[in-house]
Each structure stands twice: as structure tokens, then as C-alpha cells.
Amino acid sequence: LECMPPSRRCESYWVTPWSVCLSQIDYDEGVGMHEKIAVMHSGTCVLRLELCPHRSFKKFSYIRSPENELLGAMQTLEKYRPLQSTRSHYAIYGKQPLSGCQTISLEGIMLYHWATLTRPAFSLDAKMRMEGSYKGDSAWTISLQLGLPPPRWVVKNKKGGAAIVPRSGDKKSHQYVIAPGVDPGLVVCGTFAQLLALDELRL
């Protein structure tokens, strides 16, 4: 994402947590408005996620600029609502043209299949791979840590540590600590794609 370029030094981003899902209805298809998630850097909003309502299935979540420009989207790749005991996949789409990957059109804008997150059965260690011309970069691991909300993560790529996401001091937001040279937009979208993949599971 042009609004969140990789840096030559460690950078911190502050991200609004997704609300806790209170629904225990197995067949709930997601009711309500999209929830807005702000991504802040040095006190300025650089990105906004619009997550589909909890327990949604086959609905898009949107990646937007602070000016409301559509930059990408996230959606399940499953035909049927998955079980916890089965593997599932979630797609991340972006505007950057990529050769050799699938495309979709949203709001009149062509989006390219940027990355795929795979949620293994009975595991909090998701795998993420790049698509298209970046398909060789497939060694991302997004590890959701057990504990009280907001969630915490450790993100690794084939070069080693890519990011850590502890709770902020006030425990009201995510603090994304991004390693030098790592794409912060990909890390943020990957972690929230994992939450979306877990949220859509059949109860």
C-alpha cells in the first residue's frame, strides 16, 4: 500500500481493535453496519479498514484510504461456512496490478488477488502467501496469541521476525511494531484476515 510503505527502521502503527463478537447463533449471516478500524502512524490516520459485521459469510471487508478511496478488500474463498475442524482460506485484494493472479471488480475499481491467508484446523498459526508475480514469497506465519482481548500476534516471514503486536499500554488498541523492510499494510491486513476467518466459523 502506497500509504504504508516499508521503512528502513522499525516503525510502530496503532490500530483500533475489532469489537468482541457476542453472537452465538450458528446460522447468523452478519447483521448491522461495517465496523471502521483506524490505522494510525505518528498521530495521523493512514489507513481505514471497514470490517463486515460479526458472523458474516461471503461479505466483503474494505480497505480504504482516510479519504475513503477504495484500496482493497478481503473476503472468504470458501463456498460453505467452514468448521473449526477444517482448513479455510481468506483472500486479500489490492489495487496494485499483479500479473498471473485473479481479479475482481468493486465499486468500479479493478482489484487484484494480492495474498491468501490459510487457517489450519484447530490452530492459531495461520499461513499467508503472496499471489501473482510475488507467489514465491509464501513463508508468512501469523500466530495469534492466547489471552484476553485485544488480540496479540507474532508475524514471521522467511527472513525471520517481521512484526510483533503486543497490547498498547492502555490495552485499548493494537501496537504493530514492524521490522525494517517489512510491508506494514500486508501485516495489518493479514492479521485482520485471520480474525475474519475465525469469525466466520460454524459454531
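In this predicted model, Arg 64 and Glu 107 form a salt bridge in which the closest N and O atoms lie 2.6 Å apart. The contact ties together distant parts of the chain, 43 residues apart: Arg 64 belongs to strand β4, while Glu 107 sits in the loop between β7 (103-106) and β8 (109-119). The two partners have quite unlike surroundings. Arg 64 is buried, with a relative accessible area of 6%, whereas Glu 107 is exposed, at 51%.

Arg 64 has a second partner, and this one is found in another strand. Its side chain also meets that of Glu 50 in a salt bridge, at 3.2 Å from N to O. Here too the pair links distant parts of the chain, with Glu 50 in strand β3 (residues 44-51) and Arg 64 in strand β4 (residues 61-64), 14 residues apart. In this pair, both Glu 50 and Arg 64 are buried; for Glu 50 the relative accessibility is 10%.

Glu 50 in turn leads on to Arg 48. These two residues form a salt bridge with their closest N and O atoms 2.5 Å apart. Arg 48 is likewise buried, its relative accessible area being 13%. Followed from one partner to the next, the contacts join Arg 48, Glu 50, Arg 64 and Glu 107 in a network of salt bridges. Within this network, Arg 48 counts as buried at 13%, Glu 50 at 10% and Arg 64 at 6%, while Glu 107 is exposed at 51%. As general background, side chains of opposite charge can pair when their charged atoms come close. Across the whole structure, there are 6 salt bridges, among them the pairs Arg 48 with Glu 50, Glu 50 with Arg 64 and Arg 64 with Glu 107.

The cysteines offer a contrasting case. A disulfide is a covalent bond between the sulfur atoms of two cysteines, and the structure holds 0 of them. For Cys 3, the explanation is a matter of distance: the closest cysteine sulfur, in Cys 45, is 8.9 Å away from its own sulfur, and therefore too far for a bond. The cut-off applied to such a pair is 2.5 Å. Cys 3 is partly exposed, with a relative accessible area of 29%. Cys 52, by comparison, is buried, at 4% relative accessibility.

Note on methods: Residues numbered from 1 in each chain as written. Predicted model: local features only at pLDDT ≥ 70, side-chain atom pairs only at ≥ 80, totals over all residues. Heavy atoms only, no water. Buried < 20%, exposed > 50% of the residue type's maximum accessible area, 1.4 Å probe, protein only. Salt bridge = Lys/Arg side-chain N within 4 Å of Asp/Glu carboxyl O. Helix = DSSP H or I, 4+ residues; strand = E, 2+ residues; numbered from the N terminus.
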